[in-house]
Amino acid sequence: MPSAFGHAVAALAIAKASPRVAFTVRTALLGVLCAVVPDADVVAFSLDIPYEHVLGHRGITHSFAFAAVLAWMVGFSYPVAQRSFGLWLVFFLATASHPLLDMCTSGGLGCALFAPFHNARYFFPWRPIAVSPIEASAFFGEWGLRVLKSEALWIGLPSLAVVLVSTWLKTRRKVH
């Protein structure tokens, strides 16, 4: 899995690129929260839930169904007048970016994108992102540095490109 930093960068780019949702501190922070929440499933290891179980790591919390429900729940933190499909979509994409990025690593068993309906685990055929250690203490050292370099290249640069292009498009729309 990418680190929480990598997931946060992707979520911030998604929030910033949204054409219909204002980029606010609140929306940015909630997007980041959505992007990192799926890894709360690591608690399954301490509960002796097998990795491959639907409740195991990269199980249901790494599914599109979970992303849809979490986005809907987070949207309820906004006043009714501010809720919109665009806001839901930002939170859905921020959450869904998590398993999609995880599928670009070589660690684990893949992600159960279609849980609870189907528990098959998926990876992308090309997996360039270095897998981050689960234990925070293991992150501070050579392994963590290797992960951050990999994320800068494979998450940071594409996220920057998304932000720059979306900003340019928004500016063009205002001019015309």
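The exercises below work through a predicted model of one chain, each with a solution in steps.

Residues are numbered from 1 along each chain as its sequence is written, and side-chain values use heavy atoms, leaving out hydrogens and water. Because the model is predicted, local features need pLDDT of at least 70 and side-chain atom pairs count only at pLDDT 80 or more, while totals for chains, interfaces and linings use all residues.

**Exercise 1. Overall fold**

Task: State how many helices and strands the chain has, and compare its radius of gyration with the globule rule.

Solution:
- Step 1. Helices (H or I, at least four residues) and strands (E, at least two) are DSSP runs numbered from the N terminus. By that rule the chain has seven helices and zero strands.
- Step 2. In sequence order the pattern reads α-α-α-α-α-α-α. The radius of gyration of the chain is 17 Å, close to the 16 Å from the globule rule for 176 residues, so the chain is as compact as a globular protein of that length. The radius is taken over C-alpha atoms, and the rule is 2.2 Å times the number of residues to the power 0.38.
- Step 3. Along the principal axes, the C-alpha atoms fill a box of roughly 55 × 35 × 30 Å.

**Exercise 2. Burial, contacts and surface**

Task: Find what share of the residues is buried, and what supplies the exposed area.

Solution:
- Step 1. Buried means under 20% relative accessible area, exposed over 50%, and partly exposed in between (1.4 Å probe, protein chains only). Of the 176 residues, 41% count as buried.
- Step 2. A contact means heavy atoms within 4.5 Å. Among contacts in the chain with a separation of 6 or more, 63% come from residues 24 or more positions apart.
- Step 3. The chain exposes about 9,600 Å², of which carbon and sulfur atoms supply 74%. Areas come from the Shrake-Rupley method with a 1.4 Å probe; for residues, only the protein chains shown count as cover.
- Step 4. There are 13 positive and 8 negative side chains, and the centres of the two sets lie 22 Å apart. Lys and Arg count as positive and Asp and Glu as negative, without His and the chain ends; each charge is placed at NZ of Lys, CZ of Arg, CG of Asp or CD of Glu.

**Exercise 3. Helix spans**

Task: Check the end-to-end distances of α1, α2 and α5 against the expected spans.

Solution:
- Step 1. The expected span is 1.5 Å times one less than the number of residues in the helix.
- Step 2. For α1 (residues 4–17), 14 residues should span 20 Å, and the end C-alpha atoms are 20 Å apart, which agrees.
- Step 3. For α2, 12 residues should span 16 Å, and the computed 17 Å agrees.
- Step 4. For α5, 18 residues should span 26 Å, and the ends are 26 Å apart, which agrees. In α5, 13 of the 18 residues are buried, so this helix is largely enclosed by the rest of the structure.

**Exercise 4. Two residues of α1**

Task: Are F5 and A13 buried or exposed, and what does each touch?

Solution:
- Step 1. F5 lies in helix α1 and is exposed at 54% relative accessibility.
- Step 2. Not counting residues up to four places away in sequence, F5 touches F139, L148 and E151. F5 and L148 are 143 residues apart in sequence, with their C-alpha atoms 8.2 Å apart.
- Step 3. A13 is also in helix α1, but is buried with a relative accessible area of 5%.
- Step 4. Leaving aside neighbours within four places in sequence, A13 is in contact with S159, V162 and V163.
- Step 5. The buried residues of α1 include G6, H7, A8 and A13.

**Exercise 5. Backbone in the loops**

Task: Which residues other than glycine have a positive phi, and where is the cis peptide bond?

Solution:
- Step 1. D48, in the loop between α3 (43–46) and α4, has a positive phi of about 60°. D48 is exposed, with a relative accessible area of 70%.
- Step 2. R58 is in the loop between α3 and α4, with phi near 65°. R58 counts as buried at 1% relative accessibility.
- Step 3. A cis peptide bond joins A115 and P116, with omega about 5°. P116 is in the loop between α5 and α6 (136–139).
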